[in-house]
Amino acid sequence: MMDSQDNTLNKGIEEEKQQEEAVSNAPSSVTTPENEPEQQTAEAHEADDNDAVKAQTTAETQADGPEEDLSKKVYNSKKEVIERLKEIVSSDETPVKAEIDHLKTTFYKLHFAEREKQQKEYLEAGGDPEKYQIVPDEDEEVFKAEMGVIKEKRQKALAEIEEEKQENLKRKEDIIEKIKAMSVSPEEANKSYNDFKALQQEWKNIKAVPADKSNELWHNYQLHVEQFYDMLNLNREAREYDFKKNLEAKTKLCEAAEKLADEPDVISAFHQLQDLHQQYREIGPVAKDLREQIWARFKAASTVINKKHQQHFDELRAKEEDNLRRKTELCERVEAVAKEENKGTADWDKHTQQIIDIQKEWKTIGFAPQKMNVKIFERFRAACDDFFTRKGEFFKKMKAQFAENAEKKKALVEKAQALMDSTDWRSTSDKLIALQKEWKTIGMVPHKLGDKLWADFQQACNHFFDARNAANAGTRNAEHENLEKKKDIIEKLKALLSEAGDDVQQKVQALTEEFNKVGHVPYKEKDKVYEEYHAVLDRIYKELHVNAARRRMDNFRNNLKNVAERGANALDNERGRLMRQYDRLKNDITTYENNLGFLNVSSKKGNSLIEEMNRRIQKLKDELEETRQKIKEIDAQNK
């Protein structure tokens with residue numbers, strides 16, 4: 001059970017980490033497109049520099065691999081995942097990170113589910129949890145080997161991309177140097193105009209460069225492009241035409257950015273905006289009087305998308321904080337359950353179900369903030385592991401106790417079977433009854449084994465008692481006759497409760513002697529007859545004692561007047577005698593009560609002796625109370 005729970009809880013860890021990385025990589029501030037340098041202040045330049053770095057970073061992140069449908073494809077078996085990996089390895093395509101992560105997550109989901117199913121089947125078949133071993137998975141070995149090849153392939157591709165970025169950097173630096181050389185004079189600028197346009201197109205065709213060089217490279221390019229245009233004094237018509245084409249291109253980008261406000265997918269709109277920014281940067285300047293206006297329009301459209309993007313991640317973070325709160329509550333609940341006392345299997349089963357229910361609820365909650373997601377999961381898993389570890393230890397001890405109990409019961413079965421054919425009816429009956437009582441003191445054993453042992457033990461006992469009953473069938477009638485006689489004597493004793501007279505005690509004594517002379521009664525009835533007989537005797541003796549005590553007290557009061565006439569010394573002497581009698585009775589009661597603690601009640605004889613001892617103690621207590629009342633009468637007389 002513990003391994004099963006742990007596997008179930010671990011299946012989503014890698015998916016959680018991937019989603020948290022995606023959230024943490026999302027921009028946390030509004031991205032502002034880059035303005036045209038001539039119309040910006042120093043502060044605007046600084047803001048746009050930061051935005052250029054963000055745009056470059058976003059572009060490179062996307063270059064690592066577009067999110068294709070393959071990254072969401074559903075795979076129903078590990079074989080299908082492996083087949084797709086083999087296709088990637090054997091093809092010339094560059095492995096896409098999103099798809100590789102999806103394949104890895106899918107494989108291990110299936111892998112853990114399969115392992116949990118195998119363990120469950122093993123346990124349901126009666127397997128020993130302590131001896132369960134995880135079977136090596138050949139598919140996992142193949143999966144790891146293919147993933148290793150893909151990892152090498154990705155590293156090689158990334159190295160090639162980095163090499164290409166360095167080459168692109170050198171090419172763009174060469175273009176800047178060429179434009180710089182064209183901008184030394186108006187004559188040179190006019191003469192080189194067509195070459196300049198070709199260089200601009202070449203610049204656009206060159207893709208990514210190293211991120212740490214992108215910002216500086218772009219500003220150098222913009223600076224020298226502006227300088228070139230400033231030198232085109234002798235070819236204003238060409239310059240104005242270029243400005244017009246650039247304005248048309250930037251206007252289309254503004255329109256495209258404004259349409260993105262209606263895009264329902266906020267993330268997609270943000271990524272499309274980054275593409276528009278890149279295109280905007282690659283378009284040359286417009287007329288000076290229109291630069292601020294066109295830039296303001298593009299910036300306003302960008303701000304709308306950026307705010308939506310920021311709001312999306314603010315809501316996501318708020319949801320993650322709420323998930324953290326809910327998961328913290330579940331941790332507290334599972335910790336409270338884990339601390340509760342378990343007195344037996346019923347408690348363990350009840351608390352196990354409670355924790356399983358909490359684990360199911362945990363799975364319905366999304367991710368917590370990245371910094372806390374792993375910590376809160378580790379807290380939750382630690383509480384679950386603590387409970388299931390202690391549960392495993394409990395059932396391990398219980399299993400050992402079951403084994404010990406089974407050995408004890410096997411020994412009793414063997415003893416009973418050794419006695420089952422005996423014809424020593426009385427002695428063997430006592431021995432088998434003792435074995436039956438001992439059987440009741442032994443704890444539980446596994447259900448199937450317990451049923452078999454009990455059937456063998458019961459069969460041995462029944463075999464003997466059936467044989468004994470068959471041999472003693474002739475004595476049954478006599479026992480039933482004795483039962484009727486004893487019941488009749490009990491009824492006569494009950495009738496004496498309503499009689500008065502001095503001969504009641506003699507009648508009781510006669511009936512008691514008669515009862516003792518009657519022989520055995522049926523075994524099942526003897527305890528009931530015995531208890532009923534002594535109950536009526538106790539009531540009779542109590543009534544006789546009360547009446548006798550009342551008469552003695554009346555006689556004492558009458559005699560006390562005669563003693564008082566003899567003088568005060570006579571009363572004092574009588575009081576002293578009663579005090580000595582009072583102390584003697586207290587000592588006798590203490591002695592009897594101490595002796596009572598040493599008696600053994602394991603036999604009927606021992607039980608009878610205890611009852612007789614209790615009657616004597618009660619009689620002494622009654623005499624003690626009577627003596628105390630006499631002393632009070634003397635004290636009242638002295639007053």
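1. Start with Asp322: in this predicted model, Asp322 is partly exposed, at 26% relative accessibility. Its salt-bridge partner is Arg325, with the closest N and O atoms 2.7 Å apart. Arg325 is partly exposed too, at 41%. Both residues sit in helix 12 (residues 288-339), three residues apart, or about one turn of the helix.

2. For another pair within a helix, have a look at Asp488 and Lys492, whose side chains meet in a salt bridge at 3.6 Å, N to O. These two are four residues apart in helix 17 (residues 476-496), so about one helical turn separates them. Asp488 has a relative accessible area of 40%, which makes it partly exposed, and Lys492 is partly exposed at 38%.

3. Now for a pair that links distant parts of the chain. Lys79 forms a salt bridge with Asp139, and their closest N and O atoms are 3.0 Å apart. Lys79 belongs to helix 4 (residues 78-90) and Asp139 to helix 6 (residues 138-182), with their positions 60 residues apart in the chain.

4. Is each partner in that pair buried or exposed? Lys79 is exposed, with a relative accessible area of 52%. Asp139, on the other hand, counts as buried, because its 17% falls under the 20% cut-off.

5. The Lys79 and Asp139 pair also has company: both residues are part of a network of salt bridges that includes Lys78, Glu114 and Asp137 as well.

6. How many salt bridges does the count come to? The answer is 28, and the pairs described above are among them. As general background, side chains of opposite charge can pair when their charged atoms come close.

Conventions. Residues numbered from 1 in each chain as written. Predicted model: local features only at pLDDT ≥ 70, side-chain atom pairs only at ≥ 80, totals over all residues. Heavy atoms only, no water. Salt bridge = Lys/Arg side-chain N within 4 Å of Asp/Glu carboxyl O. Buried < 20%, exposed > 50% of the residue type's maximum accessible area, 1.4 Å probe, protein only.
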